[in-house]
Amino acid sequence: MLPFDEDTIVAISTPPGIGGLAVVRISGPLALDTISQYFTSPQELTPRYATYGKLKHADLSEGEFDDCIVTFFKGPHSVTGEDLVEISIHGGAYLQQKLLEVLLRAPGLRAASAGEFTFRSFLSGRIDLSRAEAVADLIHAKDKAAHKNARNQFLGNLRLLVDSMSDKLIHSLTVLEAELDFSDQEIDFSPPQALIDPLSEIKTTAEALLDTYFYGRRLEEGIRVPLVGAPNSGKSSLFNLLLGEERAIVTAQAGTTRDTIEKAIVVAGHSIILVDTAGLRETQSEAELSGVDRSLDEIDNADLVILVHAPDTETSIPDELIHTPQIAVFNKIDLVSDHPRDMDIYLSCATGEGLDLLKKSLYTQVVNMINEGVGGVVLNSERHRDVFVRFRGQIATCLDSIRGELGPEYIASDLRLALDILGEITGKTTPDDILNQIFSGFCVGK
Ligand SMILES: Nc1nc2c(ncn2[C@@H]2O[C@H](COP(=O)(O)OP(=O)(O)OP(=O)(O)O)[C@@H](O)[C@H]2O)c(=O)[nH]1
Ligand SMILES: [Mg+2]
């Protein structure tokens with residue numbers, strides 16, 4: 001475990017310059033002492049009550065600080081497990097920085113490092129590692145679906161799942177320990193089905209969890225939807241129409257878009273990254289060729305492609321698209337009376353006809369991608385995926401050892417290793433460098 005110093009830490013918990021209210025947090029043994037030197041109020045600070053008053057100190061000039069509200073949480077009944085003070089002030093960047101500066105001159109206080117409040121919460125046992133990570137996800141959640149997933153993890157769904165797997169492993173270990181106790185009596189060890197069944201169940205759960213990862217990444221990064229097609233087919237026009245703003249340049253000249261342009265919209269509660277791309281064609285122009293390469297990269301990374309056809313251009317389906325879900329759109333129907341049969345949507349960016357159908361189709365495709373997860377858990381972190389890949393492998397090793405009728409001491413040691421791997425999710429057995437990496441990814445003040 002990392003050294004947990006007894007310092008009192010301070011940080012602004014809202015990014016400077018946002019406006020509204022800002023919260024400055026002080027956590028540690030000197031929190032209460034410090035605030036009593038900087039804050040005056042007719043009322044006593046009472047734990048868990050918000051107290052209205054003024055910040056006052058020789059270091060603060062008159063008029064620099066007006067009213068504020070201080071909330072005091074007495075350790076261990078605080079989020080960090082230690083004495084914690086939260087000062088709500090007006091959110092101007094100047095006021096925030098000034099207060100921080102002044103507090104940092106107070107004896108025994110130092111600036112909190114990134115994620116240190118949450119880290120202290122973890123070290124004091126208030127939350128396990130998976131919930132601490134969910135705090136970061138909650139802060140970064142861009143849409144309803146990502147928020148829901150982060151919230152589920154924060155409520156402890158992942159921990160509950162891990163606990164139930166751990167309990168089964170511990171039970172299996174108990175069965176084996178009992179065998180080991182009798183091993184000096186030369187009774188043959190025949191591994192009971194009671195060992196195989198729970199382990200097979202655990203392996204199935206781990207596999208189902210790993211299957212949620214692909215969707216989990218989409219939750220994290222957004223569903224990538226490039227608009228692809230021949231030059232002049234109307235990709236940029238459609239991109240603008242879906243965004244509801246004139247974001248991309250549209251001209252009658254083929255080869256207008258070179259660089260990819262992306263912008264997020266929300267469909268069915270999910271962030272969708274719409275990407276306008278350069279039209280696919282053979283070309284001598286170096287700049288356009290780079291654009292086409294980028295379009296092909298986008299196709300490679302796409303979750304869903306909107307393939308745009310038009311009567312006055314010829315869009316061929318790129319080979320790279322074979323495995324990617326797609327919506328085939330026939331654009332510019334205002335120009336023709338007859339159109340091909342094999343398209344999903346018939347559209348006119350000029351008149352808006354067909355746009356609602358395209359939006360519905362996009363909605364349906366997104367809803368089809370939703371994975372409800374296992375016990376409300378969708379894996380979205382590379383770290384969690386890595387742990388579960390190793391865990392699944394270790395459970396497979398345990399099962400092999402049991403079926404291969406290895407001695408109970410070998411199977412027990414395989415099971416202990418599986419338990420250790422699983423403990424990395426909740427932080428029981430997570431190496432210090434990984435902990436450092438996780439918490440340094442947080443922002444200061446969290
Ligand atoms: N009549 C008609 N013209 C359209 C429609 N959609 C787009 N256009 C026109 O087609 C031309 C090309 O449109 P863009 O949106 O720039 O086409 P693009 O696919 O982005 O073209 P590149 O960027 O060159 O690959 C412009 O003159 C648009 O006004 C449509 O539905 N009907
Ligand atoms: Mg374009």
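Visitor: How much space lies in the largest pocket?

Guide: About 420 Å³. A pocket is found on a 1 Å grid over the protein atoms alone, as an open set of points where a 1.4 Å probe fits, with protein on both sides within 12 Å along at least five of seven lines. Points are joined across faces, edges and corners, and the volume is the space filled by probe spheres set on them. Before we go on: this is a predicted model, in which local features need pLDDT of at least 70 and side-chain atom pairs count only at pLDDT 80 or more, while totals for chains, interfaces and linings use all residues. Residues are numbered from 1 along each chain as its sequence is written, chains are lettered from A and ligands numbered from 1 in the order in which they are written, and side-chain values use heavy atoms, leaving out hydrogens and water.

Visitor: Which residues that line the largest pocket are closest to its centre?

Guide: Lining residues have an atom within 4 Å of a point. There are 22 of them here, and Glu133, Ser381, Glu382, Arg383 and Ile438 are the closest to the centre.

Visitor: Which helix gives the most to that lining?

Guide: Helices (H or I, at least four residues) and strands (E, at least two) are DSSP runs, numbered from the N terminus. Helix 12 gives the most, with 6 residues. At least two lining residues come from each of helix 4 (129-140), helix 8 (213-221), helix 12 (382-403) and helix 14 (432-440).

Visitor: Which residues of helix 8 are buried?

Guide: Buried means under 20% relative accessible area, exposed over 50%, and partly exposed in between (1.4 Å probe, protein chains only). In helix 8, Tyr213, Tyr215, Gly216, Arg218 and Leu219 are buried. Their cover includes helix 5 (144-155), helix 7 (193-211), strand 8 (223-229), strand 10 (270-276), helix 11 (355-369) and helix 12. After helix 8 comes Gly222, with a positive phi near 95°. For another case, look at helix 3 (residues 116-123), where 8 of 8 residues are buried; Gly125, which follows helix 3, has a positive phi near 85°.

Visitor: Which residues other than glycine have a positive phi?

Guide: Most residues other than glycine have a negative phi, and most peptide bonds are trans. Asn232 has a positive phi, near 75°, and lies in the loop between strand 8 and helix 9. Ala268 has a positive phi as well, near 50°, in the loop between strand 9 and strand 10. Asn232 is partly exposed, because its relative accessibility is 27%, and Ala268 counts as partly exposed at 29%. As for the peptide bonds, the one from Gly75 to Pro76 is cis, with omega near 5°. Pro76 sits in the loop between strand 5 (67-73) and strand 6 (84-90).

Visitor: What are the protein donors of the magnesium ion?

Guide: Donors are N, O and S atoms within 2.8 Å of the metal (3.2 Å for Na, K and Ca); water is not among the atoms, so sites may look incomplete. For ligand 2, the magnesium ion, the protein donors are Ser236 (OG) and Thr257 (OG1), lying 2.0 Å from it. They are 21 residues apart: Ser236 belongs to helix 9 (residues 235-243), and Thr257 to the loop between helix 9 and strand 9 (261-267). Ser236 is buried, with a relative accessible area of 8%, and so is Thr257 at 12%.

Visitor: Thr8 is another threonine to try. What is Thr8 in contact with?

Guide: Contact means heavy atoms within 4.5 Å. Leaving aside neighbours within four places in sequence, Thr8 is in contact with Ile26, Ser27, Gly28, Pro29, Leu30, Ala31, Gly108, Leu109 and Arg110. Thr8 lies in strand 1 (residues 8-12) and is buried, with a relative accessible area of 1%. A polar atom of its side chain lies 2.9 Å from the backbone nitrogen of Leu30. A polar contact is a pair of N or O atoms within 3.5 Å; within protein, one must be able to donate a hydrogen and the other to accept it, and residues adjacent in sequence count only if both atoms are side-chain atoms.

Visitor: Is Thr204 buried or partly exposed?

Guide: Thr204, found in helix 7, is partly exposed, with a relative accessible area of 49%. The side chain of Thr204 has a polar atom 2.8 Å from the backbone oxygen of Ser200.
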